[in-house]
Amino acid sequence: MKTRKSRAQRRQDLIEAARRAMLQHGTDTVLLNQVAEQAGLTSGAVLYHYPDLRDLLLEAHHAGMERFYELRVKKIADISDPVRKLVVTIRSGLPTDAEDADVRLLCELGGAAGRNRVYAALLTTLYDRQVSMYQMILELGAAQSAFTLAADSQTIARNLVALEDAYGYRIVARHPTLHAAEAVELILSYARLVTGNPLDVPEEPAKPPRARKATT
């Protein structure tokens, strides 16, 4: 017997369908019927949950953007060492590979931002938040004498975010010799120069997948 999905679950399914549709058809040209097709629903069913398609598309964008600010802030919240904070933040700011849907969608959003003020505002907000995130880490490290900053914290933070954006784009654009691991080291090489710290933090081993419960 199938369990009926809650309204929240159905809305989450629609957000994922909208993300797939935007990747396939373009962020600012995707149509209602294309989202409905990805969701396996009628256009009317989509409109039942989101009477304005623009609201659904904005939620779909925010779902991907959350990873590069909210989730990173949570990830480093309990780390007291500014050196580890900085390294963990850098390592979590790049696509996993060329198929990374979150980064591909951000690249699509960037292409549409020149034509859509709302998308431009979303990207500006994300950029400013990421810069402030790095600034807090840099200033914490300087206050604890872990970092000797070669420039003001805002300049360094802006450069770190710009490097993430540039290398992230190159990775999803399938540059043949640039992958996430290489890009992380390239960004770390800049961070070492501007913080005066070797940033020697071993990478944490990947957590093994959780065992699935046996079904009877």
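Let me start with a pair of helices in this predicted model: the axes of H1 and helix H4, which covers residues 53-65, come within 9 Å and cross at roughly 85°. That angle makes H1 roughly perpendicular to H4, since angles of 65 to 115 degrees are counted in that class. On the H1 side, the contact is made by Arg-11, Leu-14, Ile-15, Ala-18, Arg-19 and Met-22, and these meet Leu-56, Leu-57, Glu-59, Ala-60, His-61, Ala-63 and Gly-64 of H4. If we sort the residues of this contact by class, we find 8 nonpolar, 2 polar and 3 charged.

Staying with Arg-11 for a moment, which ring does Arg-11 lie over? The ring is that of Tyr-50, with Arg-11 placed over its face at 4.2 Å from the ring centre. As for rings paired with one another, a search of the whole structure finds 0 aromatic pairs.

Let me turn now to the second partner of H1 on my list. Helix H1, residues 7-25, packs against helix H2, residues 32-39, at an angle of about 120°, and the two axes are 8 Å apart. H1 and H2 are therefore oblique to each other, and the crossing in which H1 passes H2 is right-handed. From H1, the residues that make this contact are Leu-14, Ala-17, Ala-18, Arg-20, Ala-21, Gln-24 and His-25, while H2 brings Gln-34, Val-35, Gln-38 and Ala-39. By class, the contact of H1 with H2 divides into 6 nonpolar residues, 4 polar ones and 1 that is charged. You may have noticed that Leu-14 and Ala-18, which I have just named in the contact with H2, are also among the H1 residues in the contact with H4.

The next partner is helix H7, residues 101-112, whose axis comes within 10 Å of that of H1, with a crossing of roughly 55°. H1 and H7 are therefore oblique to each other, and here the crossing is left-handed. Arg-19, Met-22 and Leu-23 of H1 make the contact, together with Ala-101, Asp-102, Arg-104, Leu-105 and Glu-108 of H7. How many nonpolar, polar and charged residues does the contact of H1 with H7 have? There are 4 nonpolar and 4 charged residues, with no polar ones. Arg-19 and Met-22, listed here on the H1 side, also take part in the contact of H1 with H4.

Stepping back to the chain as a whole, the protein has 10 helices and 0 strands, and, read along the sequence, the pattern is accordingly written α-α-α-α-α-α-α-α-α-α. Taken along the principal axes, the box filled by the C-alpha atoms of the protein chain is roughly 60 × 55 × 35 Å.

I would like to finish with the backbone, and with two residues towards which I would direct your attention. Arg-174, which is found in the loop between helix H9 (153-172) and helix H10 (180-195), has a phi near 65°, a positive value in a residue other than glycine. Leu-199, which lies in the segment after H10, likewise has a positive phi, near 50°, and is again a residue other than glycine.

Methods: Residues numbered from 1 in each chain as written. Predicted model: local features only at pLDDT ≥ 70, side-chain atom pairs only at ≥ 80, totals over all residues. Heavy atoms only, no water. Axes fitted to C-alpha atoms, helices over the stretch in contact; angles between N-to-C directions. Helix = DSSP H or I, 4+ residues; strand = E, 2+ residues; numbered from the N terminus. Parallel < 35°, antiparallel > 145°, perpendicular 65-115°, else oblique. Left-handed = near helix turned anticlockwise from the far one by under 90°. Contact = heavy atoms within 4.5 Å. Nonpolar A, V, L, I, M, F, W, Y, C, P; charged D, E, K, R; others polar. Phe/Tyr/Trp six-rings, centres within 6.5 Å; stacked < 30°, edge-to-face > 60°. Lys NZ or Arg CZ within 6 Å of the ring centre and 35° of its normal.
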